[in-house]
Amino acid sequence: MKEYVMGNGAIALGALAAGVNLVAGYPGTPSSEIIETVAKYPHEGIHLEWSVNEKAALEVAAAAAYSGARALVTMKQMGLNVASDPLMSVAYIGVKGGLVIVSADDPGPISSQTEQDTRRFAGFSRIPVFDPASPEEAYAMIQDAFACSEKYHTPVLFRPTTRVCHAYAAIDVPDRWEPASFEGFRKDASRWVIFPRLSYANHGKMEARNAEIARDFSDYRFNTVEGAAGPRAILTSGVSYAYVKECLREHPEARIIRVATAFPFPEDFLLRALEGVEELLCIEELSPWLEEQALQVAGRHHLALTVRGKLDGTVPHHGENSVALSGRLLADFLGLEPGPSPRDCSGAPPLPVRPPVLCAGCPHRASFYAVKQAMKGQKAFFCGDIGCYTLGNAMPLDMVDTCLCMGAGITMAQGLRHTNPDAVCFAFVGDSTFFASGMTGVVNAVYNEADMVLCVLDNSTTAMTGHQPHPGTGRNMMGHIVDRVDIARVLEGIGVRRVVTVDPLRLEEAVQAVRSCAAEKGVTAIIFKSPCVALTKPTGKCIIDGQKCIACKKCIREIGCPALITDQGQVRIDPNLCTGCGLCGQICPVGAIGGAEQ
Amino acid sequence: MKQDILICGVGGQGTVLASRVLAAAAMEAGHPVHSAETIGMAQRGGSVTSHIRIGAGAWSPLIPPGGADMLLAFEPAEAVRNLSFLRPEGIAIVNTAATRPVGASLKDTGYDGREMVAWLKDRCACVFVDGEAACRPFGSARYLNIVLLGAALGTGRLELTEELIRNQIRRYVPARFLETNLKAFEAGLSLKS
């Protein structure tokens, strides 16, 4: 049957077709839809989970692969940093069943903190990596990745990028599939227990094996050479290959060398492809991986080859690639007539900017506002974290002073307090991030005598990445209703002095809670509990009483809710956006806003 | 057949459904189709685009600048923002009703879309649709996407039939909204200029 799916869907269907037995991961754009797609299709007999974080996901999957099962792990590129501890070690231990780790890179970056390159992680951990150029290729290649993993008993990385993950295509998939049969775990301490002696022995075997895989990859079906032999060639991979092909549709003679297996690098393949080539242009996103490989091959084999790319300044290091950029690079390099110049859009009126903002009625807005009100006139620092609530940085809230990586807000608040003892230090963390990597930071605070206020913004979902369940929601990816892990009880168990749960939409109570926690020494915590507005029905609409409103615009200036708009000098509430949260009504100095049921 | 259609608008306007209907209609007609959507942080209230590439030989998931045969703009400023994608002989279908950016109330820019419409007029072949007026009989702006699909087909530039699109509307729209959506499609079709 034909299925029209996005790249992430193609990866999921490919894994199902490969007989995957276990799928685990942690949500992160652009990878989240892989697990969601598996859940949408028949998956009887497959264990499916959103793990608490990427490290947990990889460890769960590694053990499944030790048992001979086929396991898929999914995450975004920075998730691989979290999972790098088990990754480096399982690379030494190896697997019995296929273990494929999808780490989706995000050139741009479009929704990430870094422009890191998973291909480099493959080289670092000495395991193979596959790099698809389209959803169709991703479907086929993920199956090749499982085969490679089982043939060489090694974990394998799979690296799509945002444009492949989010592109849609029709994929031919089997009408039905079955999870592979497997033997189960067999005790063998000489194989599964990592010790320095074993690591030493396996390191040597890994390098010998990688030389073998490199030879294998030299004949791999997605490592391709097109066009006629000549002095100039293009070396590319991933979605950049698609851009190059798009640009050179009228130039079938141009030599395009595409490497879909960045590591172990298929040196024999490249040597053959470089026959007669004097100048090579490397078009790739993120790091100059292929370029460095080409330089090494040229050096090792004394080729008279000029290599152009990021390292010589021909191609920008940062940002994502595009047809437009590739077109300019190729026109320069191949001496082509420049294509038709793009439409002249000069003189266009100034365009409204549309930055992402917290939704109308978002309870995070109320939580930030309560803390801001409570701390007015006091020196306070606000450490943010990763999630929708990073948007609390925007004006007029302006409530995020730092944001680094998952869970970092909690520990950074401690470091700020140790070095700025005159400031009250707050950490804001979402419920999913709290479970992913926040809990250990709280233990650190209690143990190391930090003074801080932890604000858990609990909206009972993982909102930013598309509303995935987590341990606090009481529901998992197997579709089961499970015991909820209670954040307040976790904090009490750790030894947090004072744990208060408040509804952020009751402003006065929330402000009082913040004041009392901030006044106390040691670690205190406020759980701001209110569900994500994208998952709940509006409770009503707020309306402004035009007779009472004095058009002071305090509501707009203080909270910046998208539903509050001005219309010919008057404040109005957009009924299409308002959820009836009632926060603005609690701010209005003349009581002009009402209407919502509270 | 080879057609590249760029849909642009503001998150929440229903561009994704319009993209899905077009892609599915083209597939039902037997054409190879690729598409790409804006996903992630920009979805709510941000600028969003959907790229639909019908026909063989499309390599890039995104339409190259100057490559789109049709620009289906759900918002006038978004039409201007994405005009460089439209090929010289392409056509733009533009909803003239502006969506003011979130936060515009903080520093009132007075943006109402009229200057965008005025600028677009002389730049390309345009069909302007007053989306607000067109949706009024249906009581909600949520029918804008289907009205605009009708208007797009009404230009005669899409190599798809009414029946193909209706079939996909039936497939993707929830039953209780179906009848109104089919009427919205008719309304869009009759706007042809």
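**Fold and local features of chains A and B**

Read from the N terminus, the elements of chain B follow the order β-α-β-β-β-α-β-α-β-α-α-α-α. The model described here is predicted. Chain B contains seven helices and six strands, whereas 21 helices and 22 strands are present in chain A.

The overall dimensions of chain B were considered next. The C-alpha trace of chain B spans about 50 × 40 × 35 Å along its principal axes. For a compact globule of 193 residues, a radius of gyration near 16 Å would be expected, and the value of 16 Å for chain B therefore agrees with that expectation. Of the 193 residues in this chain, 57% count as buried. Among the contacts of chain B with a separation of 6 or more, 63% are accounted for by residues 24 or more positions apart. The surface that chain B exposes amounts to about 7,500 Å², and 52% of this area is supplied by carbon and sulfur atoms. With regard to charge, chain B carries 20 positive and 18 negative side chains, and the centres of these two sets lie 3 Å apart.

The corresponding values were obtained for chain A. Along the principal axes, the C-alpha atoms of chain A fill a box of roughly 80 × 70 × 55 Å. A compact globule of 598 residues would have a radius of gyration near 25 Å; the 27 Å of chain A is therefore in agreement with the rule. In chain A, 58% of the 598 residues count as buried. Residues 24 or more positions apart provide 78% of the chain A contacts that have a separation of 6 or more. The accessible surface of chain A comes to about 24,300 Å², and carbon and sulfur atoms account for 54% of that area. Chain A has 54 positive and 64 negative charges, and the mean positions of the two groups are 4 Å apart.

Cysteine pairing was then examined. A disulfide is a covalent bond between the sulfur atoms of two cysteines. Over all chains, the structure holds zero disulfides. A:C388 takes part in no disulfide, and the nearest cysteine sulfur, which belongs to A:C532, is 6.5 Å away. Because a disulfide requires two cysteine sulfur atoms within 2.5 Å, the 6.5 Å between the sulfur of A:C532 and that of A:C388 does not qualify. A:C532 has a relative accessible area of 10% and is therefore buried, as this value is under 20%.

Two cis peptide bonds that precede proline were identified in chain A. The bond from A:T29 to A:P30 is cis, with omega near 10°. A:P30 is located in the loop between β2 (22-25) and α2 (33-40) of chain A. The relative accessibility of A:P30 is 0%, so this proline counts as buried. When residues up to four places away in sequence are not counted, A:P30 touches A:N8, A:K76, A:A104, A:D105, A:D106, A:T162, A:C165 and A:H166. From A:P30 to A:L295, the separation is 265 residues in sequence and 31 Å in space, C-alpha to C-alpha. The peptide bond from A:F263 to A:P264 is also cis, with omega near -15°. A:P264 is placed in the loop between β11 (255-258) and α12 (267-273) of chain A.

Positive phi values were found at residues other than glycine. A:R126, which is not a glycine, has a positive phi of about 65°. This arginine, A:R126, is found in the loop between α6 (118-125) and β6 (129-130) of chain A. The relative accessibility of A:R126 is 28%, and the residue therefore counts as partly exposed. A:H153 likewise has a positive phi, near 50°, and is a residue other than glycine. The position of A:H153 is in the loop between α7 (135-152) and β7 (156-158) of chain A. At a relative accessibility of 39%, A:H153 counts as partly exposed, because partly exposed residues lie between the 20% limit for buried and the 50% limit for exposed. Apart from its neighbours within four places in sequence, A:H153 is in contact with A:G94, A:V95, A:K96 and A:R191. A:H153 and A:V482 are 329 residues apart along the chain, and their C-alpha atoms are separated by 35 Å.

How values were computed
Residues numbered from 1 in each chain as written. Chains lettered and ligands numbered in written order. Heavy atoms only, no water. Helix = DSSP H or I, 4+ residues; strand = E, 2+ residues; numbered from the N terminus. Rg over C-alpha atoms; globule rule 2.2 N^0.38 Å. Buried < 20%, exposed > 50% of the residue type's maximum accessible area, 1.4 Å probe, protein only. Contact = heavy atoms within 4.5 Å. Areas by Shrake-Rupley, 256 points an atom, 1.4 Å probe, with all protein chains shown as cover. Lys, Arg positive; Asp, Glu negative; His and termini not counted. Charge placed at Lys NZ, Arg CZ, Asp CG, Glu CD.
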